[in-house]
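Subject: Structure for you to look at

Dear colleague,

I am handing over the structure below, together with an account of what was found in it. Please keep the sequence and the 3D view open beside this email while you read.

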Amino acid sequence: MNIVLLGPPGAGKGTQAARLAKASGLLHLSSGDILRAERRAQTELGQKAQEFMDAGNLVPDDLILTMMMHHMSKPEATGGFLLDGFPRTVAQAQGLDVRLSREGKKLDAVICIEVEDEVVLKRLTGRWSCANCARIFHEAFSPPKKNGVCDNCGHSLSRRKDDEPDVVAERLRTYHELTKPLVAYYRDEGLLRPVRGIGSVDEVGEAIRKACPGL
Ligand code: AP5
């Protein structure tokens with residue numbers, strides 16, 4: 001299966017994608033995590049992406065499409081993939097459709113996790129993540145066992161620079177303007193599976209599995 005997880009920043013895409021990938025064996029491809037790894041490695045792409053990400057703006061479509069198609073064509077992706085954070089504009093979605101069909105592939109479902117803007121702000125300003133294994137925590141909703149330390153790999157946890165309230169506001173504005181039109185795009189393609197993102201992580205996971213049997 002090839003699945004897209006859509007939704008505003010902080011909806012829980014990364015949290016749910018990691019769990020679904022573990023349970024299903026699909027390859028989890030997070031455009032945000034890939035970009036952050038490129039930045040840490042100081043690659044040309046990482047350096048180009050930096051200023052867009054820190055301001056809460058989108059990285060240009062052509063860079064993202066090339067980067068994501070490269071990861072989707074790796075041997076680990078032959079069993080199917082879960083895309084998290086991509087596509088994020090109608091141009092990216094159209095580019096993805098064209099390139100997948102050239103390879104004889106297609107998307108099977110687009111899960112849209114729906115969460116209000118006020119909830120996003122609370123979730124993102126309390127998020128801590130592990131730069132080593134990408135595990136995500138929240139200081140109130142899913143705290144690590146030991147403050148500041150990843151339960152999974154023992155690496156220290158950090159806050160994302162783009163989780164500052166003013167950058168979150170810009171990311172939400174960008175979401176409503178450029179990414180939300182994808183809801184109609186995928187509804188028209190018959191692929192959209194809307195899921196309410198409020199409730200515990202387990203409850204949202206269960207709602208996703210109900211909306212997308214086989215995951
Ligand atoms: P990216 O890293 O993709 O950020 P995002 O989409 O804004 O999503 P987040 O990672 O912030 O949130 P999430 O939905 O994964 O939520 P999470 O599970 O962490 O992108 C960053 C930047 O990269 C972009 O701004 C852009 O510049 C660039 N970029 C990336 N992709 C791009 C693209 N395709 N095109 C152009 N540019 C691109 O959860 C959030 C918090 O809530 C956590 O603390 C978690 O513990 C908590 N939480 C999760 N679920 C629940 C729950 N059910 N109840 C309570 N708390 C919960």
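Ser-30 lies in strand β2, which covers residues 27–30, and in this predicted model Ser-30 counts as buried, with a relative accessibility of 7%. The side chain of Ser-30 reaches the backbone nitrogen of Asp-33, at a distance of 3.0 Å.

A second buried residue with a polar contact is worth finding next. His-138 is found in strand β6, residues 136–138, and counts as buried because its relative accessibility is 8%, where the limit for that word is under 20%. A polar atom of the His-138 side chain lies 3.3 Å from the backbone oxygen of Arg-123. If neighbours within four places in sequence are left aside, the residues in contact with His-138 are Lys-122, Arg-123, Gly-126, Arg-127 and Pro-143.

From here we can turn to the nonpolar interior. In soluble globular proteins, nonpolar side chains tend to be buried together. The largest nonpolar core of this model has 31 residues, and the members that touch the most others are Met-68, Met-72, Leu-83, Leu-96, Leu-107 and Tyr-186. Several elements each supply at least two residues of this core, among them strands β1 (2–6), β3 (81–84) and β4 (109–114), as well as helices α2 (31–40), α4 (61–72), α5 (90–102) and α8 (181–188). Helix α4 gives the most, with six residues. There is also a second, separate core of 21 residues, which includes Ile-3, Ala-21, Leu-172 and Ile-208.

To see the larger core from the position of one member, you could select Leu-96, which, not counting residues up to four places away in sequence, touches Leu-65, Met-69, Met-72, Leu-83, Phe-86, Pro-87, Leu-107 and Tyr-186. Two residues in that list, Phe-86 and Pro-87, are joined by a cis peptide bond, with omega at about 0°. Pro-87 is found in the loop between β3 and α5.

How are α2 and α4 placed relative to each other? Two packed helices are described by the angle between their axes and the distance between the axes. The axes of α2 and α4 come within 11 Å and cross at roughly 100°, and since angles of 65 to 115 degrees count as roughly perpendicular, that is the description that fits α2 and α4. On the α2 side the contact is made by Ser-31, Ile-34 and Leu-35, and on the α4 side by Ile-64, Met-67, Met-68 and His-71.

Some backbone angles also deserve a careful look. Most residues other than glycine have a negative phi, and most peptide bonds are trans. Gln-42, in the loop between α2 and α3, has a positive phi near 55° although it is not a glycine, and Gln-42 is exposed, with a relative accessible area of 52%. Ala-134 also has a positive phi, near 70°; this residue lies in the loop between β5 (127–130) and β6, and it is partly exposed, with a relative accessible area of 32%.

Another loop residue can be set beside Ala-134. Asn-57 is found in the loop between α3 and α4 and counts as partly exposed, at 34% relative accessibility. Asn-57 and Ala-134 are 77 residues apart in sequence, and their C-alpha atoms are 21 Å apart in space. The contacts of Asn-57, not counting residues up to four places away in sequence, are with Phe-52, Glu-170 and Thr-174.

Finally, how many disulfides does the structure hold? The structure holds zero. Cys-112 is in no disulfide, and the nearest cysteine sulfur, that of Cys-212, is 13 Å away; Cys-112 counts as buried, at 3% relative accessibility. Why, then, is the sulfur of Cys-153 not in a bond with that of Cys-130? The closest cysteine sulfur to that of Cys-153 is the one in Cys-130, at 3.5 Å, which is too far for a bond, because a disulfide requires the two sulfur atoms to be within 2.5 Å. Cys-153 counts as partly exposed, with a relative accessibility of 34%.

With best wishes

Notes: Residues are numbered from 1 along each chain as its sequence is written. This is a predicted model: local features need pLDDT of at least 70, side-chain atom pairs count only at pLDDT 80 or more; totals for chains, interfaces and linings use all residues. Side-chain values use heavy atoms; hydrogens and water are left out. Buried means under 20% relative accessible area, exposed over 50%, partly exposed in between (1.4 Å probe, protein chains only). A nonpolar core is a set of buried Ala, Val, Leu, Ile, Met, Phe, Trp, Tyr and Cys residues joined through side-chain atoms within 4.5 Å. Helices (H or I, at least four residues) and strands (E, at least two) are DSSP runs, numbered from the N terminus. Contact means heavy atoms within 4.5 Å. A polar contact is a pair of N or O atoms within 3.5 Å; within protein, one must be able to donate a hydrogen and the other to accept it, and residues adjacent in sequence count only if both atoms are side-chain atoms. Axes are lines fitted to C-alpha atoms, for helices over the stretch in contact, and angles run from 0 to 180 degrees between N-to-C directions. Angles under 35 degrees count as roughly parallel, over 145 as roughly antiparallel, 65 to 115 as roughly perpendicular and the rest as oblique.
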